[in-house]
There are 2 protein chains.
Amino acid sequence: MTIKVVTVGEKILGTNDAKAGENRKRLDEHSIFTINIMSSPGAGKTSLILATIKRFSKDVRIGVVEGDVASSVDAEKVNAIGIPVVQINTGGGCHLDAFMVEKGLGNLNLEEIDLLFIENVGNLICPNNYRLGEDVRLMIASMPEGDDKPYKYPGMFADSDVVILNKTDLQPYLDFSEKSFRKVVTGLNPDVVIFPISCKTGSGLTGWFTWLEEALRKKKKQ
Amino acid sequence: MTIKVVTVGEKILGTNDAKAGENRKRLDEHSIFTINIMSSPGAGKTSLILATIKRFSKDVRIGVVEGDVASSVDAEKVNAIGIPVVQINTGGGCHLDAFMVEKGLGNLNLEEIDLLFIENVGNLICPNNYRLGEDVRLMIASMPEGDDKPYKYPGMFADSDVVILNKTDLQPYLDFSEKSFRKVVTGLNPDVVIFPISCKTGSGLTGWFTWLEEALRKKKKQ
């Protein structure tokens, strides 16, 4: 399988939401459950996608849109395990937008996908301002980044449906208070679901998998 | 000491470089050595500044411009140890620009500063496109982010004068190849100086301090 690379520029925010609505309609027509995954660089977006593919790929047809400033390192990892993937290089842009995702969707066979991951560019700020057509907005916070991140990047924490707290295997070596983190996050976002996990050890993944199973079941019924 | 908060919007890139030149001239007139510190969220910008203040503040008059999307958490830490600091909140913007820094400089007494740290917004992408008037561009990569970051965010690695590789205390618990990291970084940027350090344990800081001493000496002679 060859990886398709789509290189696109930045579009104007004003028209983004309308395009996101069109993407959503198109994805809904194919009953595709779509998750927009956002985080800082290196927090574990690709690791979460790979772990989730490993758990679900026997029963669920999965596709991936990979967004990056440059390179196709992550897309190659997904491609290597036989999952359809399209790489979007933003050419310097610090976030995906709905137009880029539209181009990505044009390079996937939507008839053969039930669950779509969109891996956003690693950035805690601008990706939050661009809806892509997703059902769910998921962000990953990485423990080594510190428990004060929700104070400093409140927008994404406030607007995400799911917060994954990754790299919990490093907790013994960090000054990270999960209690304090949870307090600030739920203060910003009372409805959020938080899953502390370690993609490295697999710890905590069951909670996330159960949540996703239920979400996929609900989507099918729609 | 009260912390000054300047809230500013985004400016157009086209005029940024001219304003950065003006800032640089103004800082040069006061013989201020200025370092623009960039990194992902939570990589250790404030920790590096605090450790460097601790080492140099007896001999060198230091000032800090703190850039954040929201909050003044970091400025409070700097203020607590008696160093002049001005907080710039970008109001959603994902980087500092030269106009914001100009406003920041207007709130510091430049007569009483020899070394100025500008802590940029936590983001590996856009801060690289905006010169601020600095002498030196320093970026921090955090080991837990992974050794593949130079592939994925090549711009900042290519354009930085100094790369600090922080959180080396976590190396025993990570799959991070320093050799591979160095190879890619020096491939992008043959003139770069790399300092592997741990702000937590203090390991490796001496190399950085020696480099900075020499840089301050050169600046005085200009």
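Okay, let's start with Ile164(B). Leaving out residues up to four places away in sequence, Ile164(B) touches Leu48(B), Leu138(B), Ile140(B), Phe195(B), Ile197(B) and Trp208(B). Keep in mind that this is a predicted model.

So where does that residue belong in the bigger picture? The largest nonpolar core has 113 residues, and Ile164(B) is among those with the most contacts inside it. The others on that list are Ile37(A), Ile118(A), Ile164(A), Ile37(B) and Ile118(B). As background, nonpolar side chains tend to be buried together in soluble globular proteins.

Now hop over to chain A and look at strand 7, residues 162–166. Four of its five residues are buried, so the strand is mostly covered. On one side, strand 6 of chain A, residues 136–142, runs parallel to strand 7 of chain A, and five bridges join them. One pair you can pick out there is Ser142(A) with its bridge partner Asn166(A). Strand 7 of chain A also runs parallel to strand 8 of chain A, residues 193–196, this time with four bridges. There, Ile164(A) stands opposite Phe195(A). To get from strand 7 to strand 8 of chain A, the chain passes through helix 7, residues 178–188, and this β-α-β crossover is right-handed.

Back in chain B, there's another right-handed β-α-β unit, made of strand 3, helix 3 (residues 73–80) and strand 4 of chain B. Strand 3, residues 62–68, and strand 4 of chain B pair in the parallel sense over five bridges. Val65(B), for instance, has Val86(B) as its bridge partner. How many of the five residues of strand 4 of chain B, residues 85–89, are buried? Five of the five. And that goes for both faces: Val85(B), Gln87(B) and Asn89(B) are buried on one side, Val86(B) and Ile88(B) on the other.

Next up is helix 4 of chain B, residues 98–105. Six of its eight residues are buried, so this helix is largely enclosed by the rest of the structure. The buried ones are Ala98(B), Phe99(B), Met100(B), Val101(B), Gly104(B) and Leu105(B). Some of those turn up again when you look at Asn23(B), which is found in helix 1 of chain B, residues 13–29. Again skipping residues up to four places away in sequence, Asn23(B) touches Ala98(B), Val101(B), Glu102(B), Leu105(B), Leu132(B) and Gly133(B). Is Asn23(B) buried or exposed? It counts as buried, because it has 21 C-beta neighbours inside 10 Å, and the cut-off is 20 or more.

Helix 1 of chain A, residues 13–29, holds Asp28(A). With 15 other C-beta atoms within 10 Å, Asp28(A) is partly exposed. Here's a fun one: Asp28(A) and Lys219(A) are 191 residues apart in sequence, yet their C-alpha atoms are 9.0 Å apart in space.

Last bit: how do the chains go together? There are 27 residues of chain A in contact with 27 residues of chain B. Helix 5 of chain A, residues 149–152, gives the largest share of chain A's side, three residues. By class, that side has 14 nonpolar, seven polar and six charged residues. A turn of 180 degrees and a shift of 0.0 Å along the axis lays chain A on chain B with an RMSD of 0.0 Å. That's the relation of a two-fold axis. And 100% of the interface residues of chain A are also interface residues in chain B, so the copies meet through the same surface.

Methods
Residues are numbered from 1 along each chain as its sequence is written. Chains are lettered from A and ligands numbered from 1 in the order in which they are written. This is a predicted model: local features need pLDDT of at least 70, side-chain atom pairs count only at pLDDT 80 or more; totals for chains, interfaces and linings use all residues. Two residues are in contact if their C-beta atoms, placed from the backbone, lie within 7 Å. Helices (H or I, at least four residues) and strands (E, at least two) are DSSP runs, numbered from the N terminus. Ala, Val, Leu, Ile, Met, Phe, Trp, Tyr, Cys and Pro count as nonpolar, Asp, Glu, Lys and Arg as charged, and the others, Gly among them, as polar. A residue is buried if 20 or more other C-beta atoms lie within 10 Å of its own, exposed if 12 or fewer, and partly exposed in between; C-beta atoms are placed from the backbone. A nonpolar core is a set of buried Ala, Val, Leu, Ile, Met, Phe, Trp, Tyr and Cys residues joined through C-beta atoms within 7 Å. Copies are superposed by least squares on the C-alpha atoms of residues with pLDDT of at least 70 in both. Two strands pair if DSSP finds at least two bridges between them. A crossover is right-handed if, with the strands pointing away from the viewer, the path from the first strand over the helix to the second runs clockwise.
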